[in-house]
Amino acid sequence: GDILDAYLRTDGVWIFTRNKQFYKTNTEKECADKCEAERNFTCRAFLFTRKKLQCLTLAENAKMTVAFTSTDTVLYEKIIYLMQCKRGIGTDYRGTEAKTQRGIPCQKWAEKIPHKPNYTPEKYPNAGLEENYCRNPDADESGPWCYTTDPATRFDYCAIPECEDQVTHTGEGECMQCNGEDYHGEVSRTESGVECQRWDVQEPHMHGFILKHYPDKDLKMNYCRNPDGELRPWCFTTNRKKRWEYCNIPRCNTSPPVSGLDSQCLSGKGEDYRGRIAITESGNACQHWKTQSPHKHGWIPDRYPCKGLEENYCRNPDGEKKPWCYTTNSSIRWEYCTIPPCDRTEQGIAGMNNVPVQVPLPEECYRGKGQSYRGTASVTISGKKCQAWNSMFPHTHTKTPDRFPDADLRDNYCRNPDGDSSPWCFTTDPNTIWEYCNLKRCDDHTQE
């Protein structure tokens, strides 16, 4: 799986730790590689700053130190060090329980008083024998244990709950089809066992997923849902330091029900279009969805089994205004496709006029830093397509319309909500988080 699947992600958080290492990396995955390879200390988490592309590997996570808000920073914590439950006999338990089942504090693994230990950090460097935390270095069938601080009791077991007891899957609907967009089950804990926040409250996390704005997304109680086209259902958590996390919902063994005929023409935004047009409106051939050349992308067919990403056919998997595709032209990343409309009247009018529908011309320049720019440009300086501001794919972020109500964060238009030097956007390229937009300053434009 993806290396980042082993981490819990939290946006806009910085944690204070003295034991850290700085690296220059381009992506979160590269930063995760640095964490895995860290030899200066046990890497429990890393911080990645999107705009500076700076990576900090950390010896501590948010459970162990002070956290505070920091715009444009993403905190990734290894889930194994956050779990307060054990799987099986708990040989991989790395939680922070430090007392026995009878309440006696544990002796530190590196100390020799009151008991001289057989299991030490030097002898068992991969067993996680840190501080005085409960561990299972000898694969004891009864689970994690520790030497105790009571001279009369050499060791005892710890009361670590089973992870399976924390996440239950019962009743109908507890599996998901596709990416779980239609999941209506009642799982209400995240994959690391944290309870979900109710959708109808704004505490501890403020958000824009309000029932009246998403009436068809079944945002009930605190059940896991997928209202925004994520990889699978998720929820905001009741932990202040964890804004959101995926839920552990298994895929159904049965095939998804057929939802009517797949459309061969353009209806609405064309999200149900399953025709075989594979050429863009300017005549470029489409790139196959399963390939990453000439353009790397995140719309991998296996990840999105119900989006119809077959061959190189034009599709609309992300709610764009109409079907599109990546092109086989290395200098043009993507383009819309011309799909005949389903409405014959519309088709007749278009045919009579013989003129394509004109998209309003965007403002071609911006003033000052571009904070007042309200045009419709949506392409970056290197030609990448902008990610919609209310989307969390391929990049999760905090620059949402509800957090910046005055910044006009509509669709995927270039904007400057944070006072940067010019309008910018997150990109739809998984390997490029953000870029400035392909726009000129108005005064420069006038001089020319």
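1. C178 lies in the loop between α2 and β8. The model is a predicted one, and in it C178 has a positive phi of about 55° although it is not a glycine. Most residues other than glycine have a negative phi, and most peptide bonds are trans. The relative accessible area of C178 is 16%, and the residue therefore counts as buried, the cut-off being under 20%.

2. E131 is another non-glycine residue to check, with a positive phi of about 45°. This residue belongs to the loop between β5 and β6. Is E131 buried or exposed? Neither label fits: with a relative accessible area of 43%, E131 is partly exposed.

3. Two cis peptide bonds deserve a look. One runs from I113 to P114, with omega near 5°, and P114 is placed in the loop between β5 and β6 (145-147). The other runs from E203 to P204, again with omega near 5°. P204 is found in the loop between α2 and β8.

4. On the chain as a whole: it holds 4 helices and 15 strands. Of its 448 residues, 47% are buried. Among contacts with a separation of 6 or more, 62% are made by residues 24 or more positions apart.

5. One sheet can be described strand by strand. It is open, has 5 strands in the order β1-β5-β3-β4-β2, and its pairing is antiparallel. Which strands stand at the edges? They are β1 (7-15) and β2 (20-24); each has a single partner strand, so one side of each is left without a neighbour in the sheet. From one strand to the next, the twist averages 25°. Strands of a sheet pair through backbone hydrogen bonds, either parallel or antiparallel.

6. The partner of the edge strand β2 is β4 (residues 54-58), to which β2 is joined by 5 bridges, the two strands running antiparallel. For a specific position to inspect, take K20, whose bridge partner in β4 is L58. Helix α1 (residues 28-37) packs on this sheet and touches β1, β2, β3 (45-49), β4 and β5 (67-78). The direction of α1 makes about 150° with that of β3.

7. Which residues of α1 are buried? E28, C31, A32 and C35 are. These four cover an arc of only 105° around the axis, which puts them on the same side of α1. An α-helix has 3.6 residues a turn, so residues three or four places apart point the same way. The buried residues of α1 pack against β1, β3, β4 and β5.

8. Aromatic contacts are numerous enough to list selectively: the whole structure contains 31 aromatic pairs. One of them is F209 with F236, a tilted pair with 6.2 Å centre to centre and 45° between the planes. What does this pair tie together? F209 is in the loop between α2 (163-166) and β8 (234-236), while F236 is in strand β8, so the pair ties together parts that are 27 residues apart in sequence. Both F209 and F236 are buried.

9. F236 also pairs with W234. The ring centres of W234 and F236 are 5.0 Å apart and the planes are at 90°, so this pair is edge-to-face. As for accessibility, W234 is buried at a relative accessible area of 3%, and F236 counts as buried at 5%.

10. Elsewhere, ring pairs link several aromatic residues into a cluster: W109, Y119, Y124, W145, Y147, F155 and Y157.

11. Two arginines are placed over tyrosine rings. The charged end of R44 sits over the ring of Y81, at 5.3 Å from its centre. R232 has its charged end over the ring of Y246, at 4.2 Å from the ring centre.

Technical notes:
Residues are numbered from 1 along each chain as its sequence is written. This is a predicted model: local features need pLDDT of at least 70, side-chain atom pairs count only at pLDDT 80 or more; totals for chains, interfaces and linings use all residues. Side-chain values use heavy atoms; hydrogens and water are left out. Two strands pair if DSSP finds at least two bridges between them. Axes are lines fitted to C-alpha atoms, for helices over the stretch in contact, and angles run from 0 to 180 degrees between N-to-C directions. Contact means heavy atoms within 4.5 Å. Buried means under 20% relative accessible area, exposed over 50%, partly exposed in between (1.4 Å probe, protein chains only). The arc is that of the directions from the helix axis to the C-beta atoms. Rings of Phe, Tyr and Trp (its six-membered ring) pair if their centres lie within 6.5 Å; planes under 30 degrees apart count as stacked, over 60 as edge-to-face and the rest as tilted. A charge sits over a ring if NZ of Lys or CZ of Arg is within 6 Å of the ring centre and within 35 degrees of the ring normal.
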